[in-house]
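Biologist: I am new to this structure and would like a close look at one part of it: the place where two of the chains meet. Could you walk me through that part, and then show me what lies around it?

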Number of protein chains: 4
Amino acid sequence: MPDEYILRIDCPDETGLVHKITGVLYHNQLNIIRNDEFVDKENGQFFMRTVFSGKTNPDKIMYGLQGILPNTARIYLTAKQVKNVVILVTKEHHCVSDLLIRHAFRELPMNIRAVIGNHQVLEPLAGQFGVPFHYISHEGISRETHEEQLAAVIQTYQPDYLILAKFMRVLTPGFTQRFPNKIINIHHSFLPAFIGANPYRQAYNRGVKIIGATAHFVNDNLDEGPIITQDVTHVNHSQSTAQMAMAGKDVEKLVLAKALKLVLEDRVFIYGNKTIIFE
Amino acid sequence: MPDEYILRIDCPDETGLVHKITGVLYHNQLNIIRNDEFVDKENGQFFMRTVFSGKTNPDKIMYGLQGILPNTARIYLTAKQVKNVVILVTKEHHCVSDLLIRHAFRELPMNIRAVIGNHQVLEPLAGQFGVPFHYISHEGISRETHEEQLAAVIQTYQPDYLILAKFMRVLTPGFTQRFPNKIINIHHSFLPAFIGANPYRQAYNRGVKIIGATAHFVNDNLDEGPIITQDVTHVNHSQSTAQMAMAGKDVEKLVLAKALKLVLEDRVFIYGNKTIIFE
Amino acid sequence: MPDEYILRIDCPDETGLVHKITGVLYHNQLNIIRNDEFVDKENGQFFMRTVFSGKTNPDKIMYGLQGILPNTARIYLTAKQVKNVVILVTKEHHCVSDLLIRHAFRELPMNIRAVIGNHQVLEPLAGQFGVPFHYISHEGISRETHEEQLAAVIQTYQPDYLILAKFMRVLTPGFTQRFPNKIINIHHSFLPAFIGANPYRQAYNRGVKIIGATAHFVNDNLDEGPIITQDVTHVNHSQSTAQMAMAGKDVEKLVLAKALKLVLEDRVFIYGNKTIIFE
Amino acid sequence: MPDEYILRIDCPDETGLVHKITGVLYHNQLNIIRNDEFVDKENGQFFMRTVFSGKTNPDKIMYGLQGILPNTARIYLTAKQVKNVVILVTKEHHCVSDLLIRHAFRELPMNIRAVIGNHQVLEPLAGQFGVPFHYISHEGISRETHEEQLAAVIQTYQPDYLILAKFMRVLTPGFTQRFPNKIINIHHSFLPAFIGANPYRQAYNRGVKIIGATAHFVNDNLDEGPIITQDVTHVNHSQSTAQMAMAGKDVEKLVLAKALKLVLEDRVFIYGNKTIIFE
């Protein structure tokens, strides 16, 4: 069976890009399995994702592509493979539980290298699944020191992605900039939006009829990077704050799992503060 | 065939309320078809909606209920009947079109008495359905004068409800307080929320993956009264601002129609800034 | 804190039922927290679910209710409590995983007493969560003998409900009739419906755009008892049979969890081949 | 502003197809705006949809493409343009109403040339929107004669598509084969599926929790051609057969509108009995 690769390119649009790019593949006897292309007409930006198979030398393909693409093109070429991830948690289990189960049964192309918690409560859960757990408390130390300790442990695992699975700490730009476009967060979201403490309490008080969740990349601002996936569930007046939170958790875990599937399968482009996704 | 009535009661909770209330109906030989009751335990407030049938004198029932309920109880007793509504519009047709069609084929228990526009563009549409259209421009007059003119025309129709079907004017408390709990608005909504001009443009720029709509009562603040219904639709990067707006319109018209169904069937209680709805 | 009870009654409709039933509670100084009532007008059948609190003797309440209700009334009075369940599985993990997680974190009012499999593959998973696993192979024995062995083990746990979490064996009426209205199954469903082997393969071949799941009680016919919950997810041409099956699994596990929540909270009436559910 | 074209190709897969096809466009100085490509690996079939802009002679492009593609390739090249449709109805208004509104406000790229009914009841509605209505009764004539009369009128309008908007007559293969891949039907659908008369009645009796709709092409068998779009809505025990039908109608009209959008924008390939859709 031949190898399978995923190629992602984004660059300023110009006539003939698809022809030239596929020419590089064609002349290397590679077979395109799926190709998606999109041009953001407003900004004149070209996006293309190609899945191809065949025996090849990736360096040779990259060299060929660089020769025909503008200098500003971003080119990502990866073999189809399992990615390494590290998960950060606090006390809530619902997202990390779901990911540990999917990991155990290989339902997502990821290898959970470790779970890190600023509380100890989820250590037994990780242990149940044979995944290393690191307890790194934030108590009694500065935010910067805490982040240094987190980063030191994370570094040892060389993760492709860092997943904030209900990690309830604000991360400083000093931390997030170490992992550009690699941190994925799951955030509750509401219509209308509620900011600050106890959002489900606020949602209950406001009598909202739907609650949702947003999975997104984290750049400088914890709750504001490029959105990957969003979904909602319907609620009503008879649900207490606790019941709304429970309903919200089911959405959060599904939205996070869907976002990870898209990211781990190399389907996502980050462009400015938004994403282009070829599902 | 016997008459059918809808009774809604809300009051501070106390033991025996359901028994006492249904006793009044029982002793008048009335038959309960459906009964929904809910206690907001946090606030100790009791809500009950009863559909009953039988020949009766509503005044006698009201008198009986007042005798057994606390003074602060709010009691609404209405025969099951078609309600009168007046619709306010600006230029967008999608919500008013949908309501005119439903009205023409009697799919909602409402009688559209008139459509009022601050632009003239939808006059032919109303005319097509034989519904009076009043053009009341806001140009060259003060907001208060404009609202006076609107209120004067509305008053002549004695509507049970006033529907803002994409009426793009901010209404002052002076106007809304004339129609307490009677004004229903449809509002685009997003995760995250976008405030200000051109929300679909903002949503496009932010790369949201869902857009939604909220139907709500209007009290003092145009976009903030008790929520009746909400729903969303999924969008993606390939949709332009215009296409997102189009997708949003389909949600808006369905959400508004659902909200009206609930309100017109007397299923909705307003309690503080939220709703209790027995679907 | 007072005890909390759930009362469910269904019987032929007659005038005054709500009044009489709530009278029994009122005269026992019990406080109604929530009451839902529905009359199936076609069949003249009355359904009522009442949540009440207070110190009481359940036998006294039952005696009082029997005195005022018709002989054919079905009355269920249960304290609000955790139910015992036994789960039957074959090889697929997704539903039982989800239930084991919810059990471990007490997200559903159920106690998983045991998991029984006709294959051994999920034994380690149950073990991880400290739940007894019984391997009862169907190989080399008759269907009746296998069911005898299943029933013998199940009996020792005295479960309130038996959950078929992707148990891929047809159960005979001889078995199902031992557990009337106590067996809950999760079934894939499609539009159009596909019968027979490999339904996801059939769905793929037919190019369906949604796939779904149905949780239902099992009476005589494995796939046909009263429906509790249904939901769907969208799929498209780019998904292989395996990917459609994966998407279907996420729906199946959520639909089963929602159905169990409704059943375990005593919200479900079975009436003929359908359910009345007060959510 | 340059012209915009949509090119759809499907043919047996082989290495280099994307490169060769885009080469024809590139050498004609045409600019690709969006390109979607998919290979059905099981059947080794290649599908590609390309939106391109530029001044060109379509015949020249077709000639170029034929030169580089296998003989069995199906090539569709169309300018982006409004399509002509004829709508067939019986008595129910909900789908045709929605289409007439969208047509009136140019929300879909279609021109409704005429509405044809086998009953007269919707004639005033079509008239309201200034669309010709033909009343062609099926009473007292054979099915073949009726279909001859329908076909004769349809022919005069030369429609690109024929829309069955709740046309409640079974069409014979003799009729449908005159319009291959051009007839689009909207069909109620349920889980489980109900065949025969009064499906909403059957759904009510069975206590289903969701009802749906399927838009599909019609080939030989009225309810069985390639599926274009499907969706569902949730229902519950409190809804009567009539209320379930009403809920179903809202789904039907939205599903039909979505399917038409996809078809009219040339996003749909028919392949055997399924569709490949590039949304």
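**Where chains B and C meet**

Modeller: Happy to. A good starting point is one pair of residues: Asn35(B) has Glu37(C), a residue of E2(C), as its bridge partner. Please keep in mind that this is a predicted model.

That bridge belongs to a wider pairing. Strand E2 of chain B, residues 31–40, runs antiparallel to E2(C), and five bridges join the two strands. Around this pairing, 18 residues of chain C are in contact with 18 residues of chain B. On the chain C side, helix H1 (17–26) and strand E2 (31–40) each bring at least two residues to the surface that touches chain B. The largest share there comes from E2(C), with nine residues. Sorted by class, this side of chain C holds six nonpolar, eight polar and four charged residues.

How are the two chains placed relative to each other? A turn of 180° with a shift of 0.0 Å along the axis lays chain C on chain B, with an RMSD of 0.0 Å. This is why the two chains can be described by a two-fold axis. The same surface serves both copies, since 100% of the contact residues of chain C recur in chain B.

Now let us turn to the other neighbour of chain B. Its contact with chain A takes 26 residues from chain B and 26 residues from chain A. Strands E10 (210–217), E11 (227–234) and E13 (274–277) of chain B each supply at least two residues to the side that touches chain A. E11(B) gives the most to that side, with five residues. By class, the side of chain B facing this contact has eleven nonpolar, eleven polar and four charged residues.

Chain A also shows how a chain is divided. Domain 1 of chain A covers 4–79 and domain 2 covers 83–277. Their centres, taken over C-alpha atoms, are 32 Å apart. Where these domains touch, eight residues come from domain 1 of chain A and five residues from domain 2 of chain A. Strand E1 (4–12) and strand E3 (45–53) of chain A each give at least two residues to the domain 1 side of that contact. The domain 1 side divides into three nonpolar, two polar and three charged residues. For residues 5–52 of chain A, UniProt lists "domain: ACT" in an unreviewed entry. That span is 23% helix and 54% strand, and its end C-alpha atoms lie 5 Å apart.

To finish, here are three loop residues to find on your screen. Asp266(B) sits in the loop between helix H8 (241–264) and strand E12 (268–271) of chain B. Asp266(B) has a positive phi of about 55° although it is not a glycine. Asp266(B) counts as buried because it has 21 C-beta neighbours inside 10 Å. Arg106(C), in the loop between helix H3 (94–104) and strand E6 (110–117) of chain C, also has a positive phi, near 55°. Arg106(C) is exposed, because 10 other C-beta atoms lie within 10 Å. Glu92(B) lies in the loop between strand E5 (83–89) and helix H3 (94–104) of chain B. Glu92(B) counts as partly exposed, with 19 C-beta neighbours inside 10 Å.

How values were computed:
Residues numbered from 1 in each chain as written. Chains lettered and ligands numbered in written order. Predicted model: local features only at pLDDT ≥ 70, side-chain atom pairs only at ≥ 80, totals over all residues. Least-squares fit on C-alpha atoms with pLDDT ≥ 70 in both. Contact = placed C-beta atoms within 7 Å. Helix = DSSP H or I, 4+ residues; strand = E, 2+ residues; numbered from the N terminus. Nonpolar A, V, L, I, M, F, W, Y, C, P; charged D, E, K, R; others polar. Pairing = 2+ DSSP bridges. Buried ≥ 20, exposed ≤ 12 C-beta atoms within 10 Å, placed from the backbone. Domains from an automatic or database assignment. UniProt positions renumbered as here; feature names shortened; annotations may be inferred.
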